[in-house]
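Welcome! Here is a short guided walk through one protein model, meant for someone seeing it for the first time. Please have a look at the picture, and then we will go through it together.

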Amino acid sequence: MAVENPRYFASCWDFCLRVKGWGTVKSVWGVPQHLQLEFEYSTLDMVLMGCARQIGLFGLPSEANRNNALDVLASFGMEKMAYRLQFAIWWGERQLAAIARALLSQSALLVLDEPVSALDVGNKKRVFQQGEGGGGGEG
């Protein structure tokens with residue numbers, strides 16, 4: 001794949017790029033290998049950041065956004081961690097939250113940098129099932 005002139009917005013890893021044969025892809029979301037946090041967000045708030053494009057700059061998440069985020073967390077077995085702070089959960093759980101956020105973004109293209117490197121075998125299987133569309137979303 002050839003990428004021409006990527007415009008990168010560091011706040012949410014959202015950029016426009018031209019992929020050979022695909023035309024312009026306007027919604028891309030990236031998941032880094034190690035997510036560095038600057039603030040203490042709850043896991044649910046972290047996942048809800050995936051809705052930023054749909055909500056807008058000054059909008060607030062709707063009840064439907066919250067329910068969708070909780071559903072994605074539940075598909076990873078993380079519903080009990082929704083209200084725990086990101087600094088209080090393990091690296092692998094943070095990685096799952098970052099993947100859940102990417103799935104909630106409904107982006108046309110996900111860029112994943114070793115997304116399962118910090119996960120155990122069971123959670124790796126859950127991530128791969130989500131990638132195959134087994135998690136209830138568009139996959």
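Does Asn 123 count as buried or exposed? The model is a predicted one, and in it Asn 123 has a relative accessibility of 16%. Because residues under 20% are called buried, Asn 123 counts as buried. Asn 123 belongs to helix H5, which covers residues 121-131. Apart from neighbours within four places in sequence, its contacts are Phe 76 and Leu 96.

## The whole chain

Let us step back for a moment. The protein chain holds 5 helices and 5 strands. Following the sequence, these elements come in the pattern β-β-β-β-α-α-α-α-β-α. The chain has 139 residues, and buried ones make up 37% of them.

How do distant parts of the sequence meet? Among contacts with a separation of 6 or more, 59% join residues 24 or more positions apart. As for the outside, the accessible surface of the chain is about 8,500 Å², and carbon and sulfur atoms account for 55% of that surface.

## Two helices side by side

Helices H3 and H4 are good places to practise reading the model. The table puts their basic values together.

| Helix | Number of residues | First to last C-alpha | Expected at 1.5 Å a residue |
|---|---|---|---|
| H3 | 13 residues | 18 Å | 18 Å |
| H4 | 14 residues | 20 Å | 20 Å |

In H3, which runs over residues 63-75, the span is close to the expected one. The buried residues of this helix are Asn 65, Ala 69, Val 72 and Leu 73. Looking down the axis of H3, you will find these buried residues within an arc of 100°, so they line one face of the helix. There is a general rule to keep in mind here: an α-helix has 3.6 residues a turn, so residues three or four places apart point the same way.

What does the buried side of H3 pack against? Its buried residues pack against helix H1 (43-48), helix H2 (52-55) and helix H4 (91-104). On the face turned away from that buried side, H3 carries the exposed residues Glu 63 and Asp 71. Just after H3 comes Gly 77, with a positive phi of about 70°.

H4 is mostly covered, with 12 of its 14 residues buried. Among them are Gly 92, Glu 93, Arg 94, Leu 96, Ala 97 and Leu 104. Following H4, Gln 106 has a positive phi, near 55°.

## Around Trp 91

Trp 91 is part of helix H4. With a relative accessibility of 43%, Trp 91 counts as partly exposed. Which residues does Trp 91 touch, leaving aside neighbours within four places in sequence? They are His 34, Leu 35, Gln 36 and Ala 118. One of these partners, Leu 35, is 56 residues away from Trp 91 in sequence, while their C-alpha atoms are 8.6 Å apart in space. Trp 91 also has a partner in its own helix: Arg 94 lies over the face of Trp 91, at 4.7 Å from the ring centre.

## An aromatic pair

How many aromatic pairs does the model have? The count comes to 1 aromatic pair. It is formed by Phe 39 and Tyr 41, whose ring centres are 6.2 Å apart and whose planes stand at 70°, so the pair is edge-to-face. Phe 39 is exposed, at a relative accessible area of 53%, whereas Tyr 41 is partly exposed, at 31%.

## Two valines in strand S4

Our last stop is strand S4, which spans residues 28-31 and contains Val 28. Val 31 has its place in S4 too. Val 28 counts as buried at 0% relative accessibility, and Val 31 is buried with a relative accessible area of 0%.

Each of these valines can be placed by a residue from elsewhere in the sequence. Val 28 and Leu 110 are 82 residues apart in sequence, and 5.7 Å separates their C-alpha atoms in space. For Val 31 and Ala 97, the distance along the chain is 66 residues and the distance between C-alpha atoms is 10.0 Å. Ala 97 is a residue you have met already, as one of the buried residues of H4.

Methods. Residues are numbered from 1 along each chain as its sequence is written. This is a predicted model: local features need pLDDT of at least 70, side-chain atom pairs count only at pLDDT 80 or more; totals for chains, interfaces and linings use all residues. Side-chain values use heavy atoms; hydrogens and water are left out. Helices (H or I, at least four residues) and strands (E, at least two) are DSSP runs, numbered from the N terminus. Buried means under 20% relative accessible area, exposed over 50%, partly exposed in between (1.4 Å probe, protein chains only). Contact means heavy atoms within 4.5 Å. Accessible areas come from the Shrake-Rupley method with a 1.4 Å probe; for residues, only the protein chains shown count as cover. The expected span of a helix is 1.5 Å times one less than its number of residues. The arc is that of the directions from the helix axis to the C-beta atoms. Rings of Phe, Tyr and Trp (its six-membered ring) pair if their centres lie within 6.5 Å; planes under 30 degrees apart count as stacked, over 60 as edge-to-face and the rest as tilted. A charge sits over a ring if NZ of Lys or CZ of Arg is within 6 Å of the ring centre and within 35 degrees of the ring normal.
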